[in-house]
Amino acid sequence: MKNLKKLIAAGAAVVLAATAGCSAPSALTIGSGTKTAMTIDGYEIPAGIFIYNEIYAYNDAVSKVYTDTGSYPTVEQVEKATIESKDAADWIQEQAIKYCRDFVAAEREFEKIGGKLTDEELKEIDTTVESALENELLTENGIGEESVRKMVTSGYKIDYIFKYHYGLDTEKGCTEDELKEYFIENTARIKNISIKTTDADSNPLGEDEKRKLDAKVKEWVKEINAESSELGKMHKMDEIQKEYTDYAAQMTATGTGTTTTTTTTTTTAATSDGTATTTTTDPYANEKTVTKYTTTTVAVGDAAVVTTAAETDAEKNEKKLNDMIFNDLKENEAIVYEYSDSITYILLKGDIKTRMTDDDLWSEDVIENTLVKRYGNDYNDMMKSMAESFSLDKNQRAFRRYAPFKLDLEAGMQ
């Protein structure tokens, strides 16, 4: 939630972009006539903050070009791109203005509600600023300590503002019990076994082998459902996962069928090489929590992102699976689910309420993340309305001097 994530994202995007093959400009020096890039609602935006937000907006531009082309673009390719019917340079500066408006909105609101950061947060800011100033992407573009400190501090202010308005037991927020109900309605505990229905060359299994595998899967589901308790069924899923892995390995060894595979579950316990642990006494080890699908991804402090690109087959399959989990899948009843032409799942949904404790699924981090999911759009709408109402006076000299493609967008890459 903190703006430090913007700093990291901007740097990462430039590193991912291929080199443009041209010489980089020398480090920028901010002159007195361009020291202030613009004034928003009477607040003077230093050139360093404007440049920082241009770099972040460039990161957005890279993402958009990547979405359109399927490959990470060079700086030159981004510069030549048309984004939302605008030249890339104009689009980037307009986005940077929006981010500067957001910055001022946070400054104004934090002051209005009498916000105050803790000593611990101030120490964290010092540490973060010190680290950020080692980033050549910032220093080579003339972004000094004062601007970096303002941006890092803004992230903490955003966090404070959100909790002030939408935290637990606030006027616009809700009680913890109400938030728990929201979490329960929008979260599912899932354990799954992924059964591969193609051979080593990704060809469909032969009829005989497919028939044998289908019979095995049905028998496994029957064994799971024969257990009388949720814990028993969870343990049985782990046993069958191992049995399936052994079965698949045997088929590979004899050249008659499937290749070895492991569960696709994101586990809470994993081996040192990252693979799922299937032989365990912890019935929750191979579970994952699934969030009910929504069309929007909420990020506090940034505009909500709506996916408008054409859906891939994989995305359609995921949405279909998500819909089935929340609307059709019964708790504690294992089923067979054909996910795609090449994968069949054995699925088991547990009772989410049994793990709603502060040392398990109802931790401080989960509470904070759930508040963001529930109220993130409301927060963004509130701050956007404020930001858009501000007056704006641009320093045209600064806008020309710090045009996005005059910046060293590849600093630190060598």
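Which residues does Glu107 touch, not counting residues up to four places away in sequence? The close-ups below, taken from a predicted model, start with that residue.

**View 1. Glu107 and its contacts in helix H4.** Glu107 touches Tyr43 and Lys157, once residues up to four places away in sequence are set aside. Helix H4, where you will find Glu107, covers residues 88-112. With a relative accessible area of 14%, Glu107 falls under the 20% limit and is therefore buried.

**View 2. Ile125 among its contacts in helix H5.** Here we turn to helix H5 (residues 119-132), which holds Ile125. The relative accessibility of Ile125 is 2%, so this residue counts as buried. Apart from neighbours within four places in sequence, Ile125 is in contact with Leu117, Arg149, Val152, Thr153 and Tyr156. For a sense of scale, the C-alpha atoms of Ile125 and Met151 lie 9.9 Å apart, while 26 residues separate the two in sequence.

**View 3. Strand E5 and its enclosure.** Strand E5 spans residues 187-196, and nine of its 10 residues are buried, so the rest of the structure largely encloses this strand.

**View 4. Strand E5 paired with strand E6.** E5 and E6 (residues 288-291) run antiparallel and are joined by four bridges. Look for Ile190, whose bridge partner in E6 is Lys288.

**View 5. Strand E5 paired with strand E10.** E10 (residues 343-350) also runs antiparallel to E5, and eight bridges join the two strands. In this pairing, Leu348 of E10 stands opposite Lys191.

Notes
Residues are numbered from 1 along each chain as its sequence is written. This is a predicted model: local features need pLDDT of at least 70, side-chain atom pairs count only at pLDDT 80 or more; totals for chains, interfaces and linings use all residues. Side-chain values use heavy atoms; hydrogens and water are left out. Buried means under 20% relative accessible area, exposed over 50%, partly exposed in between (1.4 Å probe, protein chains only). Contact means heavy atoms within 4.5 Å. Two strands pair if DSSP finds at least two bridges between them.
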